[in-house]
Amino acid sequence: MKPSDFVYIEATTGNGKNNGEWTIKGIYEFVKITKARIWLKEGDLIIKIYKSRITKIEVKPNNLPMD
């Protein structure tokens, strides 16, 4: 993956205790990968997800329409 690639991701976030747990699914713009997290972007919003919480990820070709 490289910056400005689009990725489809499915992941669970939150700790399941005080702030609950929820599922994220969708196509986001890839920003970067750090040691523990993947950074994604949607508009001006930056989403940081722990790599261990990702259940599915696939790169979408930039020239195809998003479904």
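**Exercise 1. Place Phe30 within the strand pairing: which residue is its bridge partner in E3?**

Step 1. Leu40 in E3 is the bridge partner of Phe30. Strands here are DSSP runs of E with at least two residues, numbered from the N terminus; helices are runs of H or I with at least four.

Step 2. E2 and E3 pair in the antiparallel sense, over four bridges. Two strands count as paired if DSSP finds at least two bridges between them.

Step 3. Three residues lie between E2 and E3 in their hairpin.

This is a predicted model, in which local features need pLDDT of at least 70, side-chain atom pairs count only at pLDDT 80 or more, and totals for chains, interfaces and linings use all residues. Residues are numbered from 1 along each chain as its sequence is written, and side-chain values use heavy atoms, with hydrogens and water left out.

**Exercise 2. Describe the next hairpin: how many bridges join E3 to E4?**

Step 1. Six bridges join E3 to E4, and the two strands run antiparallel.

Step 2. Arg37 has Tyr50 in E4 as its bridge partner.

Step 3. Two residues separate the strands in this hairpin, where Gly43 takes a positive phi near 65 degrees.

Step 4. Now the whole chain. It has five strands and zero helices. The order is β-β-β-β-β.

**Exercise 3. Assemble the largest nonpolar core: which residues form it?**

Step 1. Fix the criterion. A nonpolar core is a set of buried Ala, Val, Leu, Ile, Met, Phe, Trp, Tyr and Cys residues joined through side-chain atoms within 4.5 Å. Buried means under 20% relative accessible area (1.4 Å probe, protein chains only).

Step 2. List the ten members: Val7, Ile9, Ala11, Ile24, Tyr28, Phe30, Ile38, Leu40, Ile47 and Ile49.

Step 3. Assign them to strands. E1 (6-14), E2 (21-33), E3 (37-42) and E4 (45-50) each supply at least two core residues.

Step 4. Follow Tyr28. Leaving out residues up to four places away in sequence, Tyr28 touches Asp5, Phe6, Val7, Ile9, Leu40, Lys41, Glu42 and Ile47. A contact means heavy atoms within 4.5 Å.

Step 5. Set the scale. Of the 67 residues in the chain, 22% count as buried.

**Exercise 4. Examine Trp39: which charged end sits over its ring at 4.2 Å from the centre?**

Step 1. That charged end belongs to Lys32.

Step 2. Lys48 also places its charged end over the ring of Trp39, 4.5 Å from the centre. The test requires NZ of Lys or CZ of Arg within 6 Å of the ring centre and within 35 degrees of the ring normal.

Notes
Buried means under 20% relative accessible area, exposed over 50%, partly exposed in between (1.4 Å probe, protein chains only).
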